[in-house]
Amino acid sequence: MQLTAEQLAQFNKDGFIVLRNFLDAKSCDNILRMAQIHLDAKIEPIETEIGYDSRDKAYRTAVTDYSSHAKEEHITVRRLRQVYKRDALFKAWMENRNIRPVLQQVLDDEVVITTAHHNSIMTKMPYYSTATSWHQDRRYWRYSDDNLVSVWLALDDEYSENGVLEFIPGSHKMQFSATQFDDKEYFSQTEEENKKIIATKVSTNLHKGDVVLFHSLLLHRANKNSTDKPKISFVYTVKGAKTEAIPGTRSSEFPEIPLKKL
Ligand SMILES: O=C(O)CCC(=O)C(=O)O
């Protein structure tokens, strides 16, 4: 598949694009079934609901040991980390050849998987999940430039009540000052200037097999899951081959997987 010139222009302008019905239902169900096995057995490395939200900036920038170290029985898993190595099904999706030409277009470069970032099965569990505040993913990532894009695969329906992603179109190109963010680098919701920007937010319901590509600087957030069914999604991040992880940072501590140009 290739994006049309209009779709590519839309991605560059908005910072995201939805590819409807990209992966077939059977493949999604297979991934979901395997994810469920890892979730039920709480196979490390996992990030718990508490771990996801309570960490400070220094921890999030430097962490390389993704184990939760949570010994309690009743932890709520927020994400399974390092999924590339967990199962051939996960690896196959991250190396999917149909999406590669699209990734080459949006990166305008050859595609490299960064296993340091995202590389996750992302969950929103009923009752115990929390909302995610407005943020740019790039804030804890250390690279020579911003040419990184995340690939979000909906494994089932995603909508406002179970925490579908919301985006601020064009925010990947906006210039912000440090005062517009709080001490965890979430985009402050109380700043008058920010309120006007937040008012331009958009979101769209996703269905099984839909993919959203979004730029690493795009402001996004999500509600908590207030339904009684878990929401489980797959997200991984790719970068352009010319974009380099800064040595000595967490971004450089995990293997990169260069994908053959198609
Ligand atoms: O599912 C969510 O709450 C959003 C997750 C997210 O944006 C992130 O972890 O970067």
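**Figure 1. Strands E5 and E11 side by side.** Here 5 bridges join E5 to E11, and the two strands run antiparallel. To find your bearings in this predicted model, start at Ser 120, which stands opposite Val 235 in E11. Strand E5 covers residues 120–124, while strand E11 covers residues 231–240. If pairing is new to you, keep one idea in mind: strands of a sheet pair through backbone hydrogen bonds, and the pairing can be parallel or antiparallel.

**Figure 2. Other partners of strand E11.** Which strand pairs with E11 over 7 bridges? That is strand E7 (residues 148–154), and the pairing is antiparallel. A good place to look is Leu 148, which stands opposite Lys 239 in E11. Strand E4 (residues 111–114) also pairs with E11 in the antiparallel sense, this time over 3 bridges. In that pair, Val 111 stands opposite Gly 240 in E11.

**Figure 3. Strand E11 and its two faces.** Is E11 largely enclosed or left open by the rest of the structure? A residue counts as buried if 20 or more other C-beta atoms lie within 10 Å of its own. By that test, 10 of the 10 residues of E11 are buried, so the strand is largely enclosed by the rest of the structure. In a regular strand the side chains alternate between the two faces of the sheet. Now follow E11 one face at a time: Lys 231, Ser 233, Val 235, Thr 237 and Lys 239 lie on one side, and all of them are buried. On the other side you will find Ile 232, Phe 234, Tyr 236, Val 238 and Gly 240, which are all buried too. Both faces of E11 are therefore covered.

**Figure 4. His 117 in a loop.** Look for His 117 in the loop between E4 and E5. Is His 117 buried or exposed? His 117 is buried, because 24 other C-beta atoms lie within 10 Å. Leaving aside residues up to four places away in sequence, His 117 touches Trp 141, Thr 237 and Ser 251. Thr 237 may look familiar, as it is one of the buried residues of E11. For a sense of distance, turn to Ile 99: it is 18 residues from His 117 along the chain, and the C-alpha atoms of the two are separated by 19 Å.

**Figure 5. Val 77 and strand E3.** Val 77 lies in strand E3 (residues 77–80). With 23 other C-beta atoms within 10 Å, Val 77 is buried. Which residues does Val 77 touch, not counting those up to four places away in sequence? They are Leu 39, Lys 42, Ile 46, Thr 48 and Thr 123. Lys 173, in contrast, is 33 Å from Val 77, C-alpha to C-alpha, and 96 residues away in sequence.

**Figure 6. Strand E3 and its partners E2 and E5.** Strand E2 (residues 46–48) is joined to E3 by 3 bridges, and the two run antiparallel. Here Ile 46 stands opposite Leu 80 in E3. E3 is also joined to E5, by 2 bridges, again running antiparallel. Leu 80 appears in this pair as well, standing opposite Ile 121 in E5.

**Figure 7. An open sheet of three strands.** This sheet has 3 strands in the order E6-E10-E8, with antiparallel pairing. Why is one side of E6 and of E8 left without a neighbour in the sheet? Strand E6 (132–135) and strand E8 (165–167) stand at the edges, and each has a single partner strand, so one side of each has no neighbour there. From one strand to the next, the twist averages 20°. E6 pairs with strand E10 (residues 220–222) over 2 bridges, and the bridge partner of Thr 132 in E10 is Ala 222.

**Figure 8. The shell around the ligand.** Which residues surround the ligand? They are Met 122, Lys 124, Thr 132, Asp 137, Gly 163, His 220 and Ala 222. Strands E5 and E10 each supply at least two residues of this shell. By kind, the shell divides into 2 nonpolar, 3 polar and 2 charged residues. Thr 132 and Ala 222, the bridge partners from the open sheet, are both among the residues here.

Note on methods: Residues are numbered from 1 along each chain as its sequence is written. This is a predicted model: local features need pLDDT of at least 70, side-chain atom pairs count only at pLDDT 80 or more; totals for chains, interfaces and linings use all residues. Two strands pair if DSSP finds at least two bridges between them. Helices (H or I, at least four residues) and strands (E, at least two) are DSSP runs, numbered from the N terminus. Axes are lines fitted to C-alpha atoms, for helices over the stretch in contact, and angles run from 0 to 180 degrees between N-to-C directions. A residue is near a molecule or strand if its C-beta atom, placed from the backbone, lies within 6 Å of it. Ala, Val, Leu, Ile, Met, Phe, Trp, Tyr, Cys and Pro count as nonpolar, Asp, Glu, Lys and Arg as charged, and the others, Gly among them, as polar. A residue is buried if 20 or more other C-beta atoms lie within 10 Å of its own, exposed if 12 or fewer, and partly exposed in between; C-beta atoms are placed from the backbone. Two residues are in contact if their C-beta atoms, placed from the backbone, lie within 7 Å.
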